[in-house]
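Welcome! Here are some short exercises, each with a worked solution, to help you find your way around a new structure. Have a look at it first, then try each task before reading on.

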Amino acid sequence: MKVKKGNFDFIKGQKEINVEFVYDNMKILKKNLTNEQYMAEHSADLEKKSRGKGKAWKKSWIASRELIYAPKFLELMNRYLYEKKGVSFEEDLPNAKYTLIVETVWVYPGWNAAVMRQPAKVSTVLKFVETANRDNVLLEITSKKAPGNRFGGTFSNEDRIGEGYAKTGKSLAKKIMKKAF
C-alpha cells in the first residue's frame, strides 16, 4: 500500500465514513481483460463443459461484489477501526462527512487444483473524498496485488477474491490505526 496523495488527519474524530465500491474500469487476469470480456470467455468455457453452468456463474460473479467482496472488506475495516476506535465504515451513509471510494483496478482470480493452488490478487485505488464535494480528494492510496486465500484453500474464485478484499481492508485499517490515531 502506497500513499499517493494526502494524509490521515481528517479521520480522527469521525464516527462514520461512507464506503462505495466501484468496478467500472476493472481489468482481469494477466491479459487485462475487461469484465465483459472475462465474463464472455469464462462463461463460454463453462457452458462447453455443462449447459447452464456459464449462465449460473455469470450471476454468481456479479452477485459476489455485493455478497462477498464488499462485506469482507467492511468486516475487516470495522474489526479494527470500529471495535477499537469507534469509527464505522459502511455503505449507504449519505450524511457522512467523508466517503471512501474503493475502486477495483485489477483482479487475478487465482486457482485451486487440490494439491497446488495460486491465491487471488486484488489491486485497488482507495480514495477518501468529501461526500459533498467529491473532487476534494483528501487521501489516495494504491493497494497492489493483495493476496486472497483461505486456510485450507477454496475452489471458488469468488471466495479467493473476497479474501483479497479482506486483506485490503485489514491492511488499510492497520495503516489508518498507525497514521491517524
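**Exercise 1.** Decide whether serine 43 is buried or exposed in this predicted model.

*Solution.* Start with the location: serine 43 sits in helix H1. Next, take its relative accessible area, which is 6%. Buried means under 20%, so serine 43 is buried. Finally, look at what touches it. Setting aside neighbours within four places in sequence, serine 43 is in contact with Gly54, Trp57 and Lys58.

**Exercise 2.** Describe how H1 and H2 pack, and name residues that make the contact.

*Solution.* Two packed helices are described by the angle between their axes and the distance between the axes. For H1 and H2, the angle is about 145° and the axes are 7 Å apart. The crossing of H1 past H2 is right-handed. On the H1 side, the contact residues include Tyr38, His42, Ser43 and Leu46; on the H2 side, Gly54, Trp57, Lys58 and Trp61 are among them. Sorted by class, this contact has 6 nonpolar, 4 polar and 5 charged residues.

**Exercise 3.** Work out whether H2 and H3 are roughly parallel or roughly antiparallel.

*Solution.* First locate the helices: H2 covers residues 53–85 and H3 covers residues 157–180. Their axes come within 8 Å and cross at roughly 25°. Angles under 35 degrees count as roughly parallel, so H2 and H3 are roughly parallel to each other. Their crossing is right-handed. The residues of this contact comprise 16 nonpolar, 5 polar and 8 charged.

**Exercise 4.** Find which element gives the most to the largest nonpolar core, and follow one of its best-connected residues.

*Solution.* The largest nonpolar core holds 43 residues. Phe73, Phe89, Leu100, Phe128 and Ile176 have the most contacts inside it. Elements that each supply at least two residues include strand S2 (16–22), strand S6 (98–108), strand S9 (120–130) and H3. The element that gives the most is H2, with 11 residues. Now follow phenylalanine 73: beyond its neighbours within four places in sequence, its contacts include Val19, Phe21, Leu100, Tyr165 and Leu172.

**Exercise 5.** Place valine 87 in the structure and say whether it is buried or exposed.

*Solution.* Valine 87 belongs to the loop between H2 and strand S5 (88–90). Its relative accessible area is 1%, so valine 87 is buried. Leaving out neighbours within four places in sequence, its contacts include Gln14, Ile17, Leu81, Tyr82 and Phe181. To compare sequence with space, take methionine 77: it is 10 residues from valine 87 along the chain, and their C-alpha atoms are 9.3 Å apart.

**Exercise 6.** What is the phi of asparagine 32, and what is the phi of aspartate 92?

*Solution.* Begin with the background: most residues other than glycine have a negative phi. Asparagine 32 is not a glycine, yet its phi is positive, about 55°. It lies in the loop between strand S3 (27–28) and strand S4 (33–34), and at 43% relative accessibility it counts as partly exposed. Aspartate 92 also is not a glycine and has a positive phi, about 60°. Aspartate 92 is in the loop between S5 and S6. With 70% relative accessibility, aspartate 92 counts as exposed. Away from its neighbours within four places in sequence, aspartate 92 is in contact with Asn18 and Val19. Its C-alpha atom is separated by 9.7 Å from that of isoleucine 17, which is 75 residues away along the chain.

Note on methods. Residues numbered from 1 in each chain as written. Predicted model: local features only at pLDDT ≥ 70, side-chain atom pairs only at ≥ 80, totals over all residues. Heavy atoms only, no water. Axes fitted to C-alpha atoms, helices over the stretch in contact; angles between N-to-C directions. Helix = DSSP H or I, 4+ residues; strand = E, 2+ residues; numbered from the N terminus. Parallel < 35°, antiparallel > 145°, perpendicular 65-115°, else oblique. Left-handed = near helix turned anticlockwise from the far one by under 90°. Nonpolar A, V, L, I, M, F, W, Y, C, P; charged D, E, K, R; others polar. Core = buried A, V, L, I, M, F, W, Y, C linked by side-chain atoms within 4.5 Å. Buried < 20%, exposed > 50% of the residue type's maximum accessible area, 1.4 Å probe, protein only. Contact = heavy atoms within 4.5 Å.
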